[in-house]
Amino acid sequence: MILRPHHLLCTQGYSGHGYSDDFVQNMNYWVNRMRHEDTFTISLRCSTDDLCSHCPNKLGEGLCKDDAKVLKYDAAVMRLFHLEEKDYHYKELIREIDAHMTKESFESICGNCEWHKMSQCAANILSQKYC
């Protein structure tokens with residue numbers, strides 16, 4: 001699965017809400033697999049990914065209507081957690097991120113996200129009890 005860096009945080013806070021029914025179905029499928037398959041592998045890429053496939057903001061392959069914003073989220077996650085565009089085991093990576101996440105880091109990445117107030121991101125990530 002291809003996953004953009006900031007979606008590592010989104011998948012932890014996802015609680016069944018989204019832009020449309022198609023978007024929610026796609027998110028449910030992928031998030032369920034990530035959360036329940038112990039050896040689930042992701043290929044980290046700073047571009048549109050498999051979660052974006054049913055997003056109304058996706059304008060085409062590699063192009064999001066909100067690129068200016070989401071590319072900043074991606075860059076912050078990459079920088080703060082010393083990540084590269086390569087393959088990772090999802091749960092191992094989440095455990096590593098959660099172990100090093102601080103409230104300040106979380107707010108610097110996700111503070112202006114439209115989903116921040118309605119998701120469980122902060123609770124799940126900052127509690128370090130996700131995986």
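What radius of gyration does the protein chain have, and what would a compact globule with 131 residues have?

1. The model is a predicted one. The radius of gyration of the protein chain is 13 Å, which agrees with the value near 14 Å that a compact globule with 131 residues would have. Taken along the principal axes, the box filled by the C-alpha atoms of the protein chain is roughly 35 × 30 × 30 Å.

2. On secondary structure, the protein chain contains 5 strands together with 6 helices, and a reader who follows the sequence meets these elements in the pattern β-α-α-β-β-β-α-β-α-α-α.

3. On contacts, those in the protein chain with a separation of 6 or more come to 74% from residues that lie 24 or more positions apart.

4. On burial and surface, 44% of the 131 residues in the protein chain are buried, while the area that the protein chain exposes is about 7,200 Å², with 50% of it supplied by carbon and sulfur atoms.

5. On charge, the protein chain carries 15 positive and 19 negative charges, and the mean positions of these two sets are 4 Å apart.

6. On cysteines, the structure holds 0 disulfides. Cys110 counts as buried because its relative accessibility is 12%, and buried means under 20%. Cys10, by contrast, counts as partly exposed because its relative accessibility is 25%, a value that falls between the 20% limit for buried residues and the 50% limit for exposed ones.

Methods: Residues are numbered from 1 along each chain as its sequence is written. This is a predicted model: local features need pLDDT of at least 70, side-chain atom pairs count only at pLDDT 80 or more; totals for chains, interfaces and linings use all residues. Side-chain values use heavy atoms; hydrogens and water are left out. Helices (H or I, at least four residues) and strands (E, at least two) are DSSP runs, numbered from the N terminus. The radius of gyration is taken over C-alpha atoms; the globule rule is 2.2 Å times the number of residues to the power 0.38. Buried means under 20% relative accessible area, exposed over 50%, partly exposed in between (1.4 Å probe, protein chains only). Contact means heavy atoms within 4.5 Å. Accessible areas come from the Shrake-Rupley method with a 1.4 Å probe; for residues, only the protein chains shown count as cover. Lys and Arg count as positive and Asp and Glu as negative; His and the chain ends are not counted. The place of a charge is taken as NZ of Lys, CZ of Arg, CG of Asp or CD of Glu. A disulfide is a pair of cysteine sulfur atoms within 2.5 Å.
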